[in-house]
Amino acid sequence: MTRTTRTVRGAAVLTALVLTAAGCGSGGDDTGGKGGASAAPVDGGTLTFLTLQDQIQHLDPQRNYTGEDLAFANGYLQRTLTAYKYSPDGKEATGLVPDLATDTGTPSADAKTWTFTLKDGVTFEDGSPVTCADVAYGVSRTFATDIITDGPTYAITMLDIPVDKDGNSVYKGPYVTKGNDQAAFDKAVECTDDKTVVFHLKSPVGDFNYTVTLLSFSPVPKSADTGEKYDDKPVSSGPYRIESYDKGSQLVLVRNDNWSKDTDDYRPAHPDRIVMKFGLETPVIDQRLIQDSGDDQSALTFGDTVDPTNLATVFGSDRFADRRTNELDPFVRYIAVNTAKVPSLELRKAIAVGLDRAQMRTVAGGEFAGDLADGVIKPNLPTDYEPSGMWDTLLGLKVPDSGDPTAAKKIIADSGETLPTLQYDYPQTDANDKLAASVVGSLAKAGIKVRPNPIEAGQFYGIVLDPAKEGHLVYAGWGPDWSNASTVIPELFTPSGGFDLSQSDDKAFNEKSAEAKAMTDRQAQAALWKELNKQAMAQVWVIPTRFGRDQRLAGSKVGASSGKDGHVYLWAPFGSWSYGDLFVKP
């Protein structure tokens, strides 16, 4: 999933924060001060999302690859073969349920072939039926990497399609006619009839039915495909359709009259309208939700977390107890080190050793921001997590949380090399500006010069994923696409992945990663993921900073039909709201 554009939070938060008097700001309701009474789910009303972003990164399903955007689009616009259960219980929420398919898929004995049967009566917003051909066409778009950018590449790496002498797929996507092996794709994604989709894979993938939860495997009608412009108004197969989309202003979704609950028992689709308001500053969003008046009672954040200056108010009073969240999110925050621009391992070590990670955590929100990280596999992937030892022995010395500028200077001096001024790319917010200042300041103590490069948050990954535009250091976040580090290690550190901001390309590492992906013995696979995580940290392809935690706030009239007593919650699979089952209380 997926990288995150969610911002870290800005100013320092004191330990005594939650003890601060929090009576300022009216709750705006008459429920006795707990942020909204319990309520049974009802249909109707308008649900409004407030966000700092100027746009959704991508609404094109094959280009959508940020956790919040995936959850939003899948909840309202685009269906997938399988989906995650709506539940506030993290373990239960990682369980699969059928969506477009009648069940969660049937593998062959060797797990190299997976078969799905589509439900009867499913249609697009124009009333035309969703068929196997539409699913296959949607998947085919993934291969048009010059047009369909930024999305996951699992179809390219997993499907049994030959490669040419340069290692590139012989299939180039649906927009190329000359020298394009369409037959190879049609053999890999086979339609035995309108309802049956058969995926033929290069290697065994025991959890491929989790892979198809991604929107890159969702249907697209060929007749409606507008290529790059499809991002602005994709055709809906879900309960809502796009009425208007004005970037920088708002997105409006209205009911899709050709969607039927009879074919979709997954999405309750309670609200009549979904409105997203773009370009609002985080403090403004917070104050509107804290005040909780008028239409803002049925509003909530979109990806933006509560600003540190408001945490005392939100978490210091029971008035907000039923409409706030404070949960571990799926994401690891880290700084990717571009090995093409910093090829020296010793210089990469110096950057890691000199960085004050404790100060970054404080700037990000202290205890509310999460735990200091030691790798890219998070403890909430318990099968695959093991301490990497990065800050104890892996770099040849014990590195304090606050960094060791003296040791960093010595590493640079002993290397006989010099570091250029480093460009630090990050998604711009007030909070991230403060975080960048922390990075610049702490590395300056080690004699390392850093030039901050703020980028508009909604366009951030579209820019830094271009190697020609990427700087030396990139602030990023990543969460697994499903509960297996197969969606972490290969994605972040191999050319076959879709998010190798480190530009790492180590032959032995790539081969071992491919070996692990093909394993059906889960415990043996986990042992390899642990080993590869340590290798990546020893090479300082990234500098892990935090295992993130997420605080959010919703209006008092927003509920979740699967939540305890109808209360909103952070949904584990994408670290998001449970978009598809949110409702507006009367």
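Helices here are DSSP runs of H or I with at least four residues, numbered from the N terminus. All the close-ups below come from a predicted model.

**Close-up 1. Gln503, in a loop between two helices.** Look for Gln503 in the stretch that links α15 (489-493) to α16 (507-518). Its phi is positive, about 55°, even though Gln503 is not a glycine. That's worth a second glance, since most residues other than glycine have a negative phi. Is Gln503 buried, exposed or partly exposed? With 29% relative accessibility, Gln503 counts as partly exposed.

**Close-up 2. Asp150, another loop residue with a positive phi.** Asp150 sits in the loop between α3 (132-141) and α4 (154-158). Here phi is near 80°, again a positive value in a residue other than glycine. Asp150 has a relative accessible area of 16%, and the cut-off for buried is under 20%, so Asp150 counts as buried.

**Close-up 3. Strand β17, wrapped up by its surroundings.** Strand β17 covers residues 473-479, and seven of its seven residues are buried, so the strand is largely enclosed by the rest of the structure. In a regular strand, side chains alternate between the two faces of the sheet. Which residues of β17 point which way? Leu473, Tyr475, Gly477 and Gly479 go one way, while Val474, Ala476 and Trp478 go the other, and all of them are buried.

**Close-up 4. The partners of β17, strands β13 and β15.** Strand β13 (residues 324-337) runs antiparallel to β17, and six bridges join the two. To find your place in this pair, spot Val332, which stands opposite Trp478 in β17. Strand β15 (residues 422-428) pairs with β17 in the parallel sense, over two bridges. A handy marker for this pairing is Tyr424, which stands opposite Leu473 in β17.

**Close-up 5. Helix α13 and its buried face.** Helix α13 (residues 430-444) has 15 residues and reaches 21 Å from its first C-alpha to its last, close to the 21 Å expected at 1.5 Å a residue. Which residues of α13 are buried? They are Ala431, Asn432, Leu435, Ala436, Ser438, Val439, Ser442 and Leu443. Seen down the axis of α13, these buried residues fall within an arc of 155°, so they line one face of the helix. An α-helix has 3.6 residues a turn, so residues three or four places apart point the same way.

**Close-up 6. What the buried residues of α13 pack against.** Three strands already met above, β13, β15 and β17, are among the elements they pack against. The others are strand β16 (450-456) and the helices α9 (345-354) and α10 (357-364).

Key
Residues numbered from 1 in each chain as written. Predicted model: local features only at pLDDT ≥ 70, side-chain atom pairs only at ≥ 80, totals over all residues. Heavy atoms only, no water. Buried < 20%, exposed > 50% of the residue type's maximum accessible area, 1.4 Å probe, protein only. Pairing = 2+ DSSP bridges. Expected span 1.5 Å × (residues − 1). Arc of directions from axis to C-beta. Contact = heavy atoms within 4.5 Å.
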